[in-house]
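Welcome, and please have the model open as you read. This briefing walks through some local features that you can look up for yourself.

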Amino acid sequence: MLRIHFSAEDLGRIRLATGPDPTWEALLSLHVLGSSAVDPELRGWTTRVRTTLHAASRPLLHLVPSRGYSPDFLTPAEAATDPDAAVDTIMSTSPARLRADMALLGRERKLPSWAPALAAGIPAARRGLGRALRHYHRQALDPYWTQISASVDAERALRAKAFLAGGTDRLLSGLHPAARWRAPVLEIAYPRDGDLHLQGRGLRLVPSYFCRGTPITLRDDSLAPVLVYPVSQDVCVLRPHGTAAKAGALDRLLGRTRAATLLAIGEGESATGGETARRLGISSASVSEHATVLRDAGLIQSLRVRNTVRHTLTPLGAELLDGRVQRSGLRTGP
């Protein structure tokens, strides 16, 4: 059991991450990848990544075991939301932190031959870690980031609604089935017994798609307190949506091409307007037109990144694809 102790000051300093944390999603997805038990919802992802994992990324499986301790320096506090910037932060870890974390990992398992160089902070070893993380992000996470972000955004909306309805009591009491709020202590079913005293530092809550099972925190309680917890399965949108029956219902509601556009955005292999156009065999101008209608209806949100526009589902769009809402006021069209 993990017990997190709040003061009145801490309750006023609870913060919710503004989006998915690339460092935590990388670490927790590596837990999934190295586990012998395959989550049915992630079976397709696990199979694809295991069979195609770049050689440069394989050392991460030794650094991040599926169970037990993983080095805290891999998930720095307030990491950048951009994966490349997040990797830069990890590569700049202080020598003292590298030594301490790698020594702790070495007490729990046999380390590979390259580990002492990383623990010593040798530049070549740091660069090797950076390459491994960048390859892993590009291969295992980037193609799914649209859906990961949509799931986390939907979870954030649920937490915000809970807070508005009942303050921090409602927020913490509904966080996860493994967590029980007994003010002023949050109790969490945990692999090890311990107490985390926040002591006025507050708590950063990070919803995560790849966090499976119970919430997780850092081993070193002198670091900025964080609690990473699984997004609700009610808002996960990485799973497939395109069954024939569902597609038919969406066709009738939105029109065939517009429904196909929404499904393509929801299934997430194509995040940009151009990729969606190629996938559907229609023009980019047509995708842009349908995306405008879907955005005006509150089903997607669009973000310009350099010269491309990326589309993601809103919580309402995810709910519509999951067949959990019926809304008569949606704009429809051919």
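Below are notes on two sheets, two sets of helices and a few unusual backbone spots.

Please keep in mind that this is a predicted model. A good place to begin is the open sheet of four strands, which has the order S3-S4-S1-S5 and mixed pairing. A second open sheet has three strands in the order S2-S6-S7, with parallel pairing.

**The four-stranded sheet**

- The edge strands here are S3 (179-182) and S5 (194-197), and each of them pairs on one side only.
- Averaged over the sheet and ignoring direction, neighbouring strands are turned by 20° against each other.
- Strand S4 covers residues 185-188 and pairs with S3 in the antiparallel sense, over four bridges.
- Two residues lie between S3 and S4, and the two strands form a hairpin.
- If you would like landmarks for this pairing, Ala179 stands opposite Ile188 in S4, and Arg182 stands opposite Val185 in S4.
- Strand S1 (residues 2-5) also pairs with S4 in the antiparallel sense, again over four bridges.
- From S1, His5 has Val185 in S4 as its bridge partner.
- In a regular strand, side chains alternate between the two faces of the sheet.
- Are the residues of S4 buried or exposed? Val185 and Glu187 on one side are buried, as are Leu186 and Ile188 on the other, and both faces of S4 are covered.

**The three-stranded sheet**

- Strand S2 (14-16) and strand S7 (226-230) stand at the edges; each has a single partner strand, so one side of each is left without a neighbour in the sheet.
- Neighbouring strands of this sheet are turned by 25° against each other on average, with direction ignored.
- S2 pairs with strand S6 (residues 203-208) in the parallel sense, over three bridges.
- To find this pairing on screen, look for Ile14, whose bridge partner in S6 is Leu203.

**Helix H13**

- Helix H13 runs over residues 284-296, and at 1.5 Å a residue its 13 residues should span 18 Å; the end C-alpha atoms are 18 Å apart, which agrees.
- Which residues of H13 are buried? Ser286, Val287, His290, Ala291 and Leu294 are buried in this helix.
- These residues cover an arc of only 130° around the axis, which puts them on the same side of H13.
- Just after H13 comes Gly298, with a positive phi of about 80°.

**Helices H3 and H8**

- Two packed helices are described by the angle between their axes and the distance between the axes.
- Helix H3 (residues 43-52) packs against helix H8 (residues 123-141) at an angle of about 140°, and their axes are 10 Å apart.
- That angle makes H3 oblique to H8, because only angles over 145 degrees count as roughly antiparallel.
- The crossing in which H3 passes H8 is right-handed.

**Backbone spots to check**

- Most residues other than glycine have a negative phi, and most peptide bonds are trans.
- Where is Pro184 found? Pro184 is in the loop between S3 and S4, and a cis peptide bond joins Ala183 to Pro184, with omega at about 5°.
- Gln199 is a residue other than glycine with a positive phi, near 55°.
- You will find Gln199 in the loop between S5 and S6.
- Gln199 has a relative accessible area of 68%, and since exposed means over 50%, Gln199 counts as exposed.

Key. Residues numbered from 1 in each chain as written. Predicted model: local features only at pLDDT ≥ 70, side-chain atom pairs only at ≥ 80, totals over all residues. Heavy atoms only, no water. Pairing = 2+ DSSP bridges. Axes fitted to C-alpha atoms, helices over the stretch in contact; angles between N-to-C directions. Buried < 20%, exposed > 50% of the residue type's maximum accessible area, 1.4 Å probe, protein only. Expected span 1.5 Å × (residues − 1). Arc of directions from axis to C-beta. Parallel < 35°, antiparallel > 145°, perpendicular 65-115°, else oblique. Left-handed = near helix turned anticlockwise from the far one by under 90°.
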